[in-house]
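Here are my notes on the model, point by point. Keep the structure open beside you and find each residue as it comes up.

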Amino acid sequence: MQDRQATTARRNGSIVMEDVELLEAVARQDQSAMATLFDKYSRLVYSIALRVLREPALAEDVMQEVLLQVWRQPGGFVSQRGSLGAWLAVVARNRSIDVIRRRARMTPIEEMVLPEPRNLQRAVEDNRLMDQVRVAVGTLPSEQQSPLHMAYFEGLTHTEISERTGTPLGTVKTRIRAALATVRKALEA
């Protein structure tokens, strides 16, 4: 069991190291490194932007803007603070919110749609539920957290997770299923 956790930690560390090396190559203006980074993270950045903006064209613009920022300022990411994927997810979310704010300032007041009180209550309930989910996910063992994160935040398929981590496909599926069951139980409590 401990050997498996050590192997997982080494793999996770190597993923971070690969990202650091990739960013170092991007800092040297290596276009193939940027292409690799784009292939690896563009889907994640796009999906987060699309989730926030709900418009494919705007989500594409945000994705290009975020990845162009990496090309221009690869030193903006600090590896000691977390993974490159998580950092790009936060940047994509923040840029998408900025787009919404800019659009809100340009929308005439007469055309603005105000939410109904029921929608506000639903939003508050949804936010509370998301906080509970975050806490429940935080209590999961790392071997369940990692594949769950890759599946739901990075948008990887079970097969892609298996290939990336070197874990058998059945094990990946079992860990994700167990993680979801634990989160469900935590939410029901």
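1. Salt bridges first. This is a predicted model, and a search through all of it turns up five salt bridges. The background is simple. Side chains of opposite charge can pair when their charged atoms come close. Three of these pairs are described below, each with its partners and their exposure.

2. Start with Lys40 and Asp19. They form a salt bridge, and their closest N and O atoms are 2.7 Å apart. Lys40 sits in helix H2 and Asp19 in helix H1, so the pair links distant parts of the chain, 21 residues apart. Is Asp19 buried or exposed? Asp19 is buried, because its relative accessible area is 2% and the cut-off for buried is under 20%. Lys40 counts as partly exposed, at 25% relative accessibility.

3. Next, Arg95 and Glu65. This too is a salt bridge, with the closest N and O atoms 3.1 Å apart. Arg95 belongs to helix H4 and Glu65 to helix H3, so the pair ties together parts that are 30 residues apart in sequence. Arg95 is partly exposed, with 21% relative accessibility. Glu65 is partly exposed as well, at 35%.

4. Now look within one helix. Arg134 and Asp131 form a salt bridge, the closest N and O atoms being 3.0 Å apart. Both residues lie in helix H5, which covers residues 117-138. They are three residues apart, about one turn of the helix. An α-helix has 3.6 residues a turn, so residues three or four places apart point the same way. Arg134 is exposed, because its relative accessible area is 53% and exposed means over 50%. Asp131, at 43%, is partly exposed.

5. Step back to the whole chain. How many helices and strands does the chain have? There are eight helices and zero strands. Read from the N terminus, the elements run α-α-α-α-α-α-α-α. Of the 189 residues in the chain, 30% are buried. The accessible surface comes to about 12600 Å². Carbon and sulfur atoms account for 54% of that surface. Among contacts with a separation of 6 or more, 61% are between residues 24 or more positions apart.

6. Turn to the inside. The largest nonpolar core has 28 residues. Leu37, Leu84 and Leu88 have the most contacts inside this core. Four elements give two or more residues to the core: helix H1 (2-27), helix H2 (31-53), helix H3 (56-72) and helix H4 (84-106). Which element gives the largest share of this core? H2 does, with nine residues.

7. Follow Leu37 outward. Set aside its neighbours within four places in sequence. Leu37 is then in contact with Leu22, Leu23, Ser42, Leu67, Val70 and Leu84. Apart from the largest core lies another core, of eleven residues. Its members include Met150, Ile161, Ala179 and Val183.

8. Check helix H8, residues 169-188. Its 20 residues should span 28 Å at 1.5 Å a residue. The end C-alpha atoms are 29 Å apart, which agrees. Which residues of H8 are buried? They are Val172, Arg175, Ile176, Ala179 and Val183. These buried residues cover an arc of only 95° around the axis, so they lie on the same side of H8. The face turned away from that buried side carries the exposed residues Arg177, Lys185 and Glu188.

9. Finally, two loop residues. Gln29 lies in the loop between H1 and H2. Its phi is near 65°, a positive value in a residue other than glycine. Gln29 counts as partly exposed, at 44% relative accessibility. Arg54 is found in the loop between H2 and H3. Arg54 also has a positive phi, about 60°, although it is not a glycine. Is Arg54 buried or exposed? Arg54 is exposed, because its relative accessible area is 69% and the cut-off for exposed is over 50%.

Definitions and conventions. Residues numbered from 1 in each chain as written. Predicted model: local features only at pLDDT ≥ 70, side-chain atom pairs only at ≥ 80, totals over all residues. Heavy atoms only, no water. Core = buried A, V, L, I, M, F, W, Y, C linked by side-chain atoms within 4.5 Å. Buried < 20%, exposed > 50% of the residue type's maximum accessible area, 1.4 Å probe, protein only. Contact = heavy atoms within 4.5 Å. Expected span 1.5 Å × (residues − 1). Arc of directions from axis to C-beta. Areas by Shrake-Rupley, 256 points an atom, 1.4 Å probe, with all protein chains shown as cover. Salt bridge = Lys/Arg side-chain N within 4 Å of Asp/Glu carboxyl O.
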